[in-house]
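Student: I have this entry open and would like to go through the ligand site. Can you take me through it?

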Amino acid sequence: MEYALRCIDCGKKFEKDELHTCPSCGGLLEVKIELESVRVDFKFDGINLRVWKYASLLPIKSKPVSLNEGGTPLFKTELVSSSRVYVKHEGMNPSGSFKDRGMTVGVTKAIELGKKAVACASTGNTSASMAMYAAKAGLKAYVLLPAGKVALGKVAQALMHGAKVIGIKSNFDVALELVRRISEEENFYLLNSVNPFRLEGQKTIAFEIVDELGYVPDKVILPVGNAGNISAIFKGFRELKELELIDTIPRMVGVQAEGASPVYRAFREGKTDITPEENPETVATAIRIGNPVNAKKALNAIYESDGLSVSVSDDEIIEAQKLLASKEGIGVEPASAASVAGLKKLEEMGEIQDNETIVCITTGHLLKDPETVVRVCGEPVEVEANLESIRKVL
Ligand code: AN7
């Protein structure tokens, strides 16, 4: 396969995989694959789903650092009675979030480039996933987190998989700024979603949706934080269309939390770039991000697919999380429930047509954030160890 990194602003191309941003104008880079050079060697037959099934569309030449990521379940639900709503549960990836799809590619690229260490800023899931793949690859891992604002399960993973975890007394946006500078100084390979190769892995969500469903859905709804995933999934669909493997692209719907909604506000105002928010706040700490680095790509994905952005309150997020867990048996973390809260919002807005097919992406597993669960559901009741006491509370 032939590919280059292309700047989404000035259009210049570079054949230098180390780059993260355009050396000429500072813009975001994307992997531009010369699709004529690709020999697609997979079939959309619904079997053997996983990230590396689609290797012929991934810009990697070496042996992948893999933990069998991808192949996540697509559940048919009853969430909206008038249409077919599926939930693709990315929480079923090895580290419990969609980030693994990006990390298998990103960490493999780190090895290809001869890097000895990887680094990221994170609201939690990126760090958990990076630590896991770095462990598998034998790389050092450095993580900057907003202190006190990351769900416990995610910190536990980063620590146990052996990353050096540093809490900073500020938010994610500042952590990202700092880790970009320290990575340059120390020659760490940066694995935030500003890294275009990570997004290449994440585009396989689009491939799997088509593979599993056997057709292209009308809408794909997902939470938006640093805005990488929506950009990646859109790119996946766009490549399939350019390859004439599909005829249409779903409308991409980006859901943000009210307290951290720069992409939503830009969309509402018809803008192509955001105004950052200084103090983002939401119960969905994974998407507590005020200055999403991929905002331009995400807005482009939304506009080009005739999509939408909506914002949802913390109460709506928790309500959706409870609904998914108690009615569908799908356990997700708050940020992931934003996709279903967004679905409900679209329903209220009259933006769902009868007989549509909709896929909601739930990005992370329930077990990531047990503390929020206890806060919203309460602690279990405790009674004396006899039948009488138990009967009383049944
Ligand atoms: C569960 O881990 O940014 O819009 O540092 O963990 O691609 O950023 C996490 C993001 C959605 C948003 N759902 O995805 C991090 C981080 C969950 C997440 C998002 C995240 P992007």
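Tutor: What follows covers the ligand and its surroundings, then some backbone angles. This is a predicted model, where local features need pLDDT of at least 70, side-chain atom pairs count only at pLDDT 80 or more, and totals for chains, interfaces and linings use all residues. Residues are numbered from 1 along each chain as its sequence is written, and side-chain values use heavy atoms, with hydrogens and water left out.

Student: Which residues come nearest to the ligand?

Tutor: Asn125, Thr126, Asn226, Ala227 and Thr363, out of 23 residues around the ligand. To count, a residue needs a heavy atom within 4 Å of the ligand.

Student: What does the side chain of Asn125 do there?

Tutor: One of its N or O atoms is 2.7 Å from an oxygen atom of the ligand. Backbone N or O atoms also lie by ligand oxygen atoms, at 3.2 Å for Gly228 and at 2.8 Å for Asn229.

Student: Which elements give two or more residues to the shell?

Tutor: Helices H2 (125-137), H7 (228-242) and H11 (334-349). Helices here are DSSP runs (H or I, at least four residues), strands likewise (E, at least two), numbered from the N terminus.

Student: And which domains does the shell draw on?

Tutor: At least three residues come from each of domain 1 (74-97 + 198-376) and domain 2 (99-196). Those bounds come from an automatic or database domain assignment.

Student: Changing topic, what is the phi of Ala227?

Tutor: Positive, about 70°, although Ala227 is not a glycine. Ala227 sits in the loop between strand E10 (219-223) and H7.

Student: Where is Asn187?

Tutor: In the loop between helix H4 (172-186) and strand E9 (189-190). Asn187, not a glycine either, has a positive phi of about 60°.

Note on methods. Polar contact = N/O pair within 3.5 Å; in protein donor to acceptor, adjacent residues only side chain to side chain.
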